[in-house]
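Student: Could you take one part of this protein and walk me through it slowly, showing how it fits with what surrounds it? I would like to follow each step of the reasoning.

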Amino acid sequence: MKLIFASHNKNKVKEIAAILPKNIELVGLDDLNYTQEIDETGATLEENALIKAKHIYEKFNLNCFADDSGLEVEALNNAPGVYSARYAGIEKNDDANMNKLLESLSHKENRKARFRTVIALILNGEEYLFEGIIAGQIINEKKGAKGFGYDPIFAPDGFEKTFAELPSEEKNQISHRALATKKLIGFLNENLCK
């Protein structure tokens, strides 16, 4: 089955493709030569995921899904949240975002945070939502060269390493995106095998 992932983020496409069963062909927006950016005007992760999925479904009339993810930091009233990618500006610069977050937390003892992903699936015209959450801590300095986004400063609960230090296979088993994707896969397997 062909399934469009409404994303230009090659890292996300690669990460999710590694988790999907082999009978699902994942197609990213770059694979479709679709270069337009989809405005994320929603106030929540759920709204943004649905905006992207609806846009691509209407454009290509193929089953698709989109995700929106955010880092929610307890001491910052769950900021940056829906604005995680552009926390330090519209340039979506990972280093600038991490630097701003570390500065915002420099005088705070509470370092609790969680990554949250919401996936919106449109399958045969019907809409479905799946959520994945992983709790952890924001550490004091960047560690690791793997991953992307806030991975170098996020250490998941139960681990001494950041997401950027963990092997991708390990991260892909426990990440917020992996957890939401596993729910998506379970749903697809259950509903496409009937």
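Tutor: What follows is a close look at strand 3, its partners and some of its surroundings. Please keep in mind throughout that this is a predicted model.

Let us begin with the setting, so that the strand has a place. The protein has five helices and seven strands, and along the sequence these follow the pattern β-α-β-α-β-β-α-β-β-β-α-α. The radius of gyration is 17 Å, close to the 16 Å that the globule rule gives for 194 residues, so the protein is as compact as a globular protein of that length. Of those 194 residues, 47% count as buried.

Against that background, strand 3, which spans residues 64-73, is mostly covered, since 10 of its 10 residues are buried. In a regular strand the side chains alternate between the two faces of the sheet. Here, Cys-64, Ala-66, Asp-68, Gly-70 and Glu-72 point one way from strand 3, while Phe-65, Asp-67, Ser-69, Leu-71 and Val-73 point the other way. The residues of both sets are all buried.

Now consider which strands pair with strand 3. Strand 1, made of residues 2-5, runs parallel to strand 3 and is joined to it by two bridges; Phe-5, for example, has Phe-65 as its bridge partner in strand 3. Strand 5 runs antiparallel to strand 3, and 10 bridges join the two, with Val-73 standing opposite Ala-113 of strand 5. Strand 4, residues 79-80, also pairs with strand 3 in the antiparallel sense, over two bridges, and there Glu-72 stands opposite Pro-80. Strand 3 and strand 4 form a hairpin with five residues between them, and in its turn Asn-77 has a positive phi of about 55°.

Just beyond the strand itself, Leu-105 is worth following, because Val-73 is among the residues that Leu-105 is in contact with once its neighbours within four places in sequence are left aside. Leu-105 sits in the loop between helix 3 (94-104) and strand 5, and it is buried, with a relative accessible area of 0%. Besides Val-73, its contacts include Ala-75, Leu-76 and Ile-138. Ala-75 is 30 residues away from Leu-105 in sequence, yet their C-alpha atoms are 7.8 Å apart in space.

Strand 5, the antiparallel partner of strand 3, leads us to one more group. The structure holds seven aromatic pairs. In one of them, the rings of Phe-115 and Phe-163 have their centres 5.9 Å apart and their planes at 5°, which is under the 30 degrees that count as stacked, so the pair is stacked. Phe-115 lies in strand 5 (residues 112-123) and Phe-163 in the loop between strand 7 (154-156) and helix 4 (168-174), so the pair ties together parts that are 48 residues apart in sequence. With a relative accessibility of 6%, Phe-115 counts as buried, and Phe-163, at 1%, counts as buried too. Ring pairs also bring in Phe-154, linking Phe-115, Phe-154 and Phe-163 into a cluster.

To gather the picture together, strand 3 is a strand whose residues are all buried, paired in parallel with strand 1 and in the antiparallel sense with strand 5 and strand 4.

Notes: Residues are numbered from 1 along each chain as its sequence is written. This is a predicted model: local features need pLDDT of at least 70, side-chain atom pairs count only at pLDDT 80 or more; totals for chains, interfaces and linings use all residues. Side-chain values use heavy atoms; hydrogens and water are left out. Rings of Phe, Tyr and Trp (its six-membered ring) pair if their centres lie within 6.5 Å; planes under 30 degrees apart count as stacked, over 60 as edge-to-face and the rest as tilted. Helices (H or I, at least four residues) and strands (E, at least two) are DSSP runs, numbered from the N terminus. Buried means under 20% relative accessible area, exposed over 50%, partly exposed in between (1.4 Å probe, protein chains only). The radius of gyration is taken over C-alpha atoms; the globule rule is 2.2 Å times the number of residues to the power 0.38. Two strands pair if DSSP finds at least two bridges between them. Contact means heavy atoms within 4.5 Å.
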